[in-house]
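This report describes the structure shown below, from single residues to strand pairing and nonpolar cores. Please keep the sequence and the model at hand while reading.

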Amino acid sequence: MATERIAEARPAIDTALVRSLVDTQFPQWDGLSLELVDPAGSDHVIHRLGEELSVRLPRHADAVGQARKESEWLPRLAPHLPLAVPVPMGVGEPDFGYPWPWSVSRWLEGEVATVEALAESPEAAVELAGFLTALQGFGPEAIPVLGTRDDLTVRPLVSRDRATRAAIAEVEGAFDTAAMTELWEAALDAPERDGPPVWFHGDFHTGNLLTVDGRLSAVIDFGGLGVGDPACDLVIAFTLMSAGPRAAFRTALGVDDATWARGRGWALATALNAYTHYAAVNPRVAAQTTRQITEALAG
């Protein structure tokens, strides 16, 4: 039923629609080539526009606010971060039957980071820790007062309790459900963050990292950007890293036991959500989420 609701909420998006939107609202780019990027993420349909631009249209209502949020914050964040991030060039308006704001950004060259290339690299792990350290340290004076910006807040881990427990029951036989339940309860029991809110990426996993010549080059897709508890960004330790680099990452980032426990909980919950919805129909998702669950259980 959940998959059916997602499908019903998604407007039809094709290259002809994107062409019409770009040509009408950004006529300075109407002569540029347009090519679908496939596979793209679960939140957006992406086209490459010419050699230097990308066009992103949200697939579903949950991603609607991302275009304007990235346009507001990424130009301010970019100078303070050690890896490249998308540079917003414009926000488009609904038209031609498409219902939501959409965006044009600078195209970032690179390949999506892979476990095969980087899982055993302590250098990459430390570099990612440096990125998060810089993000978390970005202008405390720029952090909005919590509660005044719904687009920069995230629901707490406990809000995923019912769905996560249901998913654990659903995957019995495929994974060690007793170990998963123990991990999940430890995450919920971990003390809350003791300190001021900091910035987090919000969707910090392998698919949102780019590499050039085997080295990390960029971080993309800041739709989940927010302020609060950065434990959600520890998901990268379980989507990308093996045990040794993961330990180097944790040390470089200075993560305490409670934050690490919450991070493992985020990794488990997000992996189970994707696994139960998509693994049966998408072998790539099945492999990625199986690894994420296995690594989260390993600690």
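Ser54 lies in strand β3 (residues 53–58); helices (H or I, at least four residues) and strands (E, at least two) are DSSP runs, numbered from the N terminus. Ser54 counts as buried because its relative accessibility is 7%, where buried means under 20% relative accessible area, exposed over 50% and partly exposed in between (1.4 Å probe, protein chains only). Not counting residues up to four places away in sequence, Ser54 touches Ile46, His47, Arg48, Leu49, Ser103, Val104, Ser105, Arg106 and Trp107; contact means heavy atoms within 4.5 Å.

**Basis of the model**

The model is predicted, so local features need pLDDT of at least 70 and side-chain atom pairs count only at pLDDT 80 or more, while totals for chains, interfaces and linings use all residues. Residues are numbered from 1 along each chain as its sequence is written, and side-chain values use heavy atoms, with hydrogens and water left out. The protein has a mean pLDDT of 92, and 94% of its residues reach 70 or more; pLDDT is the predictor's confidence in each residue, from 0 to 100. Over residues 1–8 pLDDT stays under 50, and for this stretch the model has three contacts beyond four places in sequence.

**Three aspartates**

Three aspartate residues in loops are set out below.

| Residue | Loop | Relative accessible area |
|---|---|---|
| Asp43 | between β1 and β2 (44–49) | 18%, buried |
| Asp213 | between β8 and β9 | 78%, exposed |
| Asp221 | between β9 and β10 (226–228) | 14%, buried |

The side chain of Asp43 is joined to that of His60 by a polar contact of 2.8 Å. A polar contact is a pair of N or O atoms within 3.5 Å; within protein, one must be able to donate a hydrogen and the other to accept it, and residues adjacent in sequence count only if both atoms are side-chain atoms. Apart from its neighbours within four places in sequence, Asp43 is in contact with Leu57, Pro58, Arg59, His60, Ala63 and Gln66. Asp213 is not a glycine, yet has a positive phi of about 55 degrees. Asp221, also a residue other than glycine, has a positive phi near 60 degrees.

**The three-stranded sheet**

Strands β6, β8 and β9 form an open sheet in the order β6-β8-β9, with antiparallel pairing. In this sheet β6 and β9 stand at the edges with a single partner strand each, so one side of each is left without a neighbour. Two strands pair if DSSP finds at least two bridges between them. Strand β6 (residues 111–112) is joined to strand β8 (residues 209–212) over two bridges, and Val112 stands opposite Leu210 in β8. Four antiparallel bridges link β8 and strand β9 (residues 215–219), where Ala218 in β9 is the bridge partner of Leu210. The strands β8 and β9 form a hairpin with two residues between them, and Asp213 is in the turn.

**Nonpolar cores**

A nonpolar core is a set of buried Ala, Val, Leu, Ile, Met, Phe, Trp, Tyr and Cys residues joined through side-chain atoms within 4.5 Å. In the largest core, which has 58 residues, Leu128, Phe131, Trp199, Leu209 and Phe249 touch the most other members. Helix α5 (residues 122–136) supplies the largest share of this core, eight residues. Leaving aside neighbours within four places in sequence, Leu209 has contacts that include Val112, Leu128, Ala218 and Ile236. A second, separate core has 17 residues, among them Leu21, Phe26, Val55 and Leu57. In soluble globular proteins, nonpolar side chains tend to be buried together.

**Aromatic pairs**

Eight aromatic pairs are found in a search of the whole structure. Rings of Phe, Tyr and Trp (its six-membered ring) pair if their centres lie within 6.5 Å; planes under 30 degrees apart count as stacked, over 60 as edge-to-face and the rest as tilted. Phe26 and Trp102 form an edge-to-face pair, at 5.6 Å centre to centre and with 90 degrees between the planes. This pair links distant parts of the chain, 76 residues apart: Phe26 is in the loop between α2 (15–25) and β1 (34–37), and Trp102 is in strand β5 (residues 102–106). Both Phe26 and Trp102 are buried. Together with Trp29, Phe26 and Trp102 form one aromatic cluster.
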